[in-house]
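Thank you all for making the time this morning. I would like to take you through one structure slowly, for those who have not seen it before, and I will start once it is up on the screen.

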Amino acid sequence: MAINMSDTNLQNQDDESSKDVKGPAEKTTGGLAVPERFEEPSIPELDLFKFMPHRDQSDAVPADTQTDTQTDDGHADEAHMTEETSAVDDVDDDTDPNGSAAVKDDVAAADAETETTVIAGPLADASSNATADADPTAVTDSGNAGDATADDTSDVPADVPVESETDDAAVADTDDSENEGVDPDEAAKRKHRRHVRIMRGVVTPLLGLLAVAAFVFGGLNATIWKPNPHVSVSTGTLSTNYLVTDPGVLALADNTVDISATAASGDQVCIAVTSARDATGWLSGQKYTRVNGLDTWQKFTTQTSSTKDSGDTGSVAFADSDMWEKVTCANDKATLRWKGDGGDRVILVSAQGADQNAKTKLDFTMSWTRATVPNFAMPFFFVGGLLVVMAILAATLFSLEGHRRRKKKTLENAHVTALTEEEKLDQDGKPHWMHAGAKPPSPERNRRESRRRHHSHRRAAVEEELREEAESEGPEVLDVTSVNLLQQSTPAVSTDELQEYFARLAAENAANAENAASASAESTPDDATAVQTDSANAASDTDPADGDTVNGDTATTEDNTDKKEAE
Amino acid sequence: MRKPTIVRIAAAALTVAMLPALAACNETVPKVTATTSSSTTSPVMTEAQEKKIRSKILDVLKQADDSKDANALAERVEGPELDVRSSQLTIAQATGNLDPHATIPDKISQTVIPTDSSWPRSIFTITTTTDDQQSQRLLVLNQDSARSNYKLWGLVRLFQGAQLPAFEIPKLGSKMGDADDSGLVSTPADAVAHYADVLQNGSGSQYAGDFNDDQLRSDLATLTATVQKGIEANAGTQTQTFAVQPDQIKVMRAAGGGDLVVAQINSEWTRTAGEGRESLPASDAEKALFGGGTATSSMKVTYVNVVALFVPKSDSGEKIQAVGAERQPVKVEAQ
């Protein structure tokens, strides 16, 4: 079936390794001739097959076959395909439901996704159901097309499984694009446009705004909200004559600290830096306040000792003690600057009034100037940068017109990939011009060829999209077969010829794998069967790496062999 | 594509959600991390601090030396050294010259700083030899309580050729010992008592075998013999009694085991002249101390002896060794 052919092509194009292996000359079986899109063959000799005849839109088989390439997906796909097929059938048999199915198949297969396969399945079924075209076995690149059975309808599902190569998807895509009518293309186009609109109109500005906000916050954090390097903490007025800090408070925020202590006027205030043991020794029997740490950025947490004040006994004045590492005394206000690591040193402050028992209003303050402040701006700048990158991506990469997206196809290009008459395959699977006496392919075909190849991926994606839409939106009627100009005008390969070819392929495959043959014979969308068929077909492939291409070759070779045998 | 769009929108939403979290980042006040350094096993002071303290003490001593006023000593001198020093100053007043034995060099060769957190604390500092090639001095600086300052408690002139044990470096600090430390050939208190007995009884003491010979004993022996000759000529008698002063003992543990013990042993030397003669002061020092007293037939001179003993570990197989001593008459009285 023509569709199969195009499917194969499309799949091949999507898959780099796919080849434009066209199995039996695909014809449009019933319905439109789906302009097949040729995919780039991976094997040089397969280049020849890029000019294979148009894929019949009615050829649901190729689509199916290709779909089946996704072995695993085949099952689900087929089921889906069944649904779609029915929908498609309803639309227009003539317009080659197969073709559309094939196109869908191509897309699905190209994407190597379940959906593709699914589409192919039902399409295959649909085509089989819709048309009496015998085309059924999709000549897949993988050569699984051998499953093409005389019975189109029955072959359809078989064809799907026949395609065991992932490359089929490409072909399917091609088929889809070729076979689909305006509606599916339009729908896909619309969908794509909406997607682009959303990406460019909503997501990108949103991300851009977020990026700007992040940068603004970052800037604010670097300037206005920058943490204050000056830290000045005090205790407030204390009720004891002695104050001692805990180890670790000395160099809390920085290694340089200005300590100051004030007392009631006239009283002598002394500040000393010493070890914790010595301070403890001095303070035994004294009432003192202990500074534990920072309560807020302005206030210390303090704790008052419960020692009963036994008076200031001692023969040595505070300032004269040998124990202090550093000491300074003054009246009213004493200040001391400490530089260096705190270690376990503590600060001991003593306020001594004329009357030893009188309470002095001792107030203690420590000031640091932090050399390093936490940098809160960096995370904001980093996030802002990320958002900018994301916005750019959303505006460009994520909303591509589909040129380079595998899964996206622009429907408008689908038409372009129609196979020309010359490109249709002859009976023996070779392009028409290969045979003696045939006219060489026209140069313009090359251009179209390349464009076709170019767009195959997108087409496949578009096809897939359409299929997705179709599936998710319910039984949407897609008139995928509404356009099949070529088929209408010039059916290059007769349906009968194609059927014969597929029959040969089927027989051949049957020889290779009995299951495959029987499976292909079944007309019901039997996933298992399809898979089996595909598996069998795949097994028959000579080159696992390049399934489609090799299969195509194999199929072609086998076809020729069969022909010879037949002769 | 619905799914990818949804995914992208979800990612953007997540990013937005994260921003407020960042903005809400308040800078938290720093926490006091208690340095759990082993403050209990670190030396109580640095070498710089020890030098500062020692220089303060020496300043006071120098001042007193210059003024020959023993009253100024109380600020920075205590214990046996106070007695010794006061005596030396009194003698210097009388004689006009300070005993050269009283010289304390400014430079030190080693200082041993304790790690104990409690009081009293003592620092053992060993000076260099004096300018006139006298032996090194062992200074014992003592802080009785947290509220008092370090004072020079004891001064011992090390014997020539005496071997001191090794101590931990000042950065690590050493542990102070107790008078009843165990694991040694004898407790420090016992060692001092036995030494006093040996000083008194000489080789006749039952403990004589526990101690090595040392300079103090030989000097004393020589002195006693010399005085004995004179006394016999006068048909007089002499006796010396040595008494350990209780609680006047400082112990520092050496790095390799064993204790260095510095203790005060007072002695009284009673000389009685026979045949109705007067017993006179035997030396200039005693003369100075005696002052203008009236001599009688008997004279009692009280000495303050400060001895430094190294008591080895019990399993070392060594004997107790006296490494230094100071002997100073502090009182001369006619009986």
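Let me begin with one short helix in chain B, namely α6, which covers residues 284-290, where B:K287 and B:D284 are separated by about one helical turn because they sit three residues apart. Please keep in mind throughout that this is a predicted model. Those two residues form a salt bridge, in which the closest N and O atoms are 3.5 Å apart. As for their surroundings, B:D284 counts as exposed, since its relative accessibility is 52% and the cut-off for that word is over 50%, whereas B:K287, at 47%, counts as partly exposed.

Now compare that with helix α2 of chain B, residues 47-67, where B:R54 and B:E50 are four residues apart and therefore separated by about one helical turn. They too are joined by a salt bridge, with 3.0 Å between the closest N and O atoms. Here, however, B:R54 is buried, with a relative accessible area of 4%, and B:E50 is buried as well, at 1% relative accessibility.

A further pair belongs to helix α3 of chain B, residues 79-95, in which B:E81 and B:R85 are four residues apart, so about one helical turn lies between them. Their side chains meet in a salt bridge of 3.9 Å, counted from N to O, and both residues are buried.

How many salt bridges are there over all chains? A search of the whole structure finds 18 of them. Some are linked to one another, and I would point you to the network of salt bridges that connects A:D322 with B:K56 and B:R76.

Stepping back to chain B as a whole, its secondary structure comes to six helices and eight strands, and along the sequence these follow the pattern α-α-α-β-β-β-β-α-α-β-β-α-β-β. Of the 335 residues in this chain, 47% are buried.

The loops of chain B deserve a careful look at the backbone. As general background, most residues other than glycine have a negative phi, and most peptide bonds are trans. Against that, B:K68, in the loop between α2 and α3, has a positive phi of about 55 degrees although it is not a glycine, and at 22% relative accessibility it counts as partly exposed. B:Q133, which is found in the loop between β2 and β3 of chain B, likewise is not a glycine and has a positive phi, of about 60 degrees; B:Q133 counts as exposed, at 59%. Finally, the peptide bond from B:W119 to B:P120 is cis, with omega near 0 degrees, and B:P120 is found in the loop between β1 and β2 of chain B.

Let me close with the nonpolar interior and then the surface of chain A. The largest nonpolar core has 27 residues, and those with the most contacts inside it are A:I259, A:F300, A:V349, A:F364 and A:M366. Several strands of chain A each supply at least two residues of this core, including β3, β5 and β11, while the largest share, four residues, comes from β12 of chain A. In soluble globular proteins, nonpolar side chains tend to be buried together. On the surface, by contrast, A:R190, A:R193, A:R194 and A:R197 gather in a patch of positive charge. One of them, A:R194, lies in helix α8 of chain A, residues 182-222, and counts as partly exposed at 42% relative accessibility.

Definitions and conventions: Residues numbered from 1 in each chain as written. Chains lettered and ligands numbered in written order. Predicted model: local features only at pLDDT ≥ 70, side-chain atom pairs only at ≥ 80, totals over all residues. Heavy atoms only, no water. Patch = residues over 30% accessible without salt bridge, like charges linked within 9 Å, V, L, I, M, F, W, Y side chains within 5 Å. Areas by Shrake-Rupley, 256 points an atom, 1.4 Å probe, with all protein chains shown as cover. Salt bridge = Lys/Arg side-chain N within 4 Å of Asp/Glu carboxyl O. Lys, Arg positive; Asp, Glu negative; His and termini not counted. Charge placed at Lys NZ, Arg CZ, Asp CG, Glu CD. Buried < 20%, exposed > 50% of the residue type's maximum accessible area, 1.4 Å probe, protein only. Core = buried A, V, L, I, M, F, W, Y, C linked by side-chain atoms within 4.5 Å.
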